[in-house]
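Colleague: Can you take me through this model? I'd like the overall make-up, then some helix packing.

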Amino acid sequence: MAPSVLDDLGSELTAVVAPVSICIAITVWLVAVLNPDGQSNSRAMSIATAAYAEDDTDSDWTKFRGSLLNAFIFVAFIGIATFGLVAAVKRGYTRWIFLYMCFSVFSVFFTLNGLICVELLQAFSLPFDWVSLTLLLYNTAVLGAATLFHFPAPLLLKQANLIAVGVGTAFTFTFVPEWTSWTLLVAMALYDIAAVLAPWGPLKELVDLASESGDPIPALVYSARPAGGAAEAAGARSAEAGPLLARPARPAPVPGETELAVQAGRETAPEDASPGPAVESERLLRPRSSTSGQPDGPLPFPISLWTRTDHPGLLRVTATGPESQQRSAPSLHPAASERGSEDGVWLPDGIRLGMGDFIFYSVLVARASMHSALAAGASFLAVVAGLACTLLWLSVAHSALPALPISIALGTLAYFATRTVLEPTLLPLTLHGLYF
């Protein structure tokens with residue numbers, strides 16, 4: 001039985017939710033260990049509290065106005081920085097952007113994650129000398145910056161480094177005061193919509209530039225699986241609160257033709273394959289008997305020619321005929337095709353998620369955990385549900401989409417619903433033995 005679109009959707013969701021869950025879980029754990037009282041510090045993230053430093057004695061209206069001003073300044077700063085990145089890419093300053101991003105990753109590893117390591121050592125009373133700790137942090141920072149931007153490395157190592165960057169940044173954001181935190185999350189979700197979907201959006205321009213030039217844009221993007229060939233170069237990158245990205249789809253075949261990617265092996269076309277009769281392809285593609293393994297039955301469609309593909313070891317067979325107009329040929333190489341169904345639902349081979357999305361998801365759940373475990377659990381489930389909705393939207397939209405809005409909206413709604421409705425209703429019932 002062929003896998004359905006729901007199976008593909010589930011596998012893609014798992015590939016995205018797993019790293020997001022790890023980042024959220026570590027951030028929540030750090031908050032529980034290093035900041036159990038939920039204390040805020042306006043100096044920890046000065047750009048997020050540039051206009052207003054929240055005080056417990058201030059009225060709610062004062063906190064709300066101050067948080068709006070802080071969020072406006074922060075979003076304006078992110079927008080200006082992203083437009084500047086677009087301008088730099090258009091003028092060919094990609095190498096300098098790479099150097100800046102490399103320095104930023106080095107700073108996160110060495111400074112932010114270093115401070116977290118020091119606090120953890122102090123919290124658990126673990127002895128460690130400063131010289132060894134400095135050397136360890138320096139080597140980790142160099143390795144992280146180099147493998148993310150300059151040198152090839154295993155995908156698992158890159159994923160671990162990206163999660164470490166997300167955890168360090170997210171934990172720093174948890175020190176932003178409460179009112180500013182929630183206002184900032186909503187403001188970034190709205191900015192994400194405009195930046196990705198608006199015609200003049202900076203993230204949309206970055207995606208278009210990457211699609212046109214084929215050059216990678218330096219930014220922190222999590223890839224669930226490696227992309228091959230031209231798809232790797234053409235894959236767009238996002239910045240800060242980036243869009244949910246899909247690998248570019250292959251051009252649609254000409255009407256009346258069906259393309260089939262075939263693994264080149266012992267039964268393949270000769271080296272000088274050219275348009276003409278394809279005897280070897282008929283042996284390879286004809287239905288085979290389950291007992292003898294030999295061709296059994298006629299070809300499901302006529303073969304017209306061999307052509308080379310961009311994938312090493314792969315040949316493309318172009319089939320013509322009336323049957324090929326009615327249905328698509330099955331692919332023998334899953335990585336060489338996109339997954340779809342007759343109802344128009346389409347899923348790409350690879351999903352990329354900007355690290356800004358990891359950060360703000362983690363901040364939302366960590367901020368909820370400062371109130372109660374129930375609020376944190378509800379917010380986490382809402383974030384995951386938002387990711388699933390975004391992925392389903394991606395399968396229909398066939399283009400880069402903002403990954404923050406749905407998850408942030410559902411997570412924020414779940415937190416305030418838990419705090420104002422669920423806890424006041426369920427906790428008294430539970431304490432009196434009326435609800436289990």
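Modeller: We can start with the whole chain and then turn to one helix pair. It is a predicted model, where local features need pLDDT of at least 70, side-chain atom pairs count only at pLDDT 80 or more, and totals for chains, interfaces and linings use all residues. Residues are numbered from 1 along each chain as its sequence is written, and side-chain values use heavy atoms, with hydrogens and water left out.

Colleague: How many helices and strands does the protein have?

Modeller: There are 13 helices and 9 strands, taken as DSSP runs (helices H or I, at least four residues; strands E, at least two) and numbered from the N terminus.

Colleague: And what share of the residues is buried?

Modeller: Buried residues are 45% of the 436, with buried meaning under 20% relative accessible area (1.4 Å probe, protein chains only).

Colleague: Now the packing. At what angle do α4 and α5 cross?

Modeller: Roughly 120°, with the axes of α4 (residues 130-149) and α5 (residues 155-173) coming within 10 Å. Axes are lines fitted to C-alpha atoms over the stretch in contact, and angles run from 0 to 180 degrees between N-to-C directions.

Colleague: Which residues meet there?

Modeller: From α4, Leu143, Gly144, Thr147 and Leu148; from α5, Leu157, Lys158, Asn161 and Leu162. Contact means heavy atoms within 4.5 Å.

Colleague: Different topic: how much helix is there over residues 96-124?

Modeller: That stretch is 97% helix and 0% strand, with its end C-alpha atoms 41 Å apart. Residues 156-176 are 86% helix and 0% strand, with the end C-alpha atoms 31 Å apart.

Conventions
Buried < 20%, exposed > 50% of the residue type's maximum accessible area, 1.4 Å probe, protein only.
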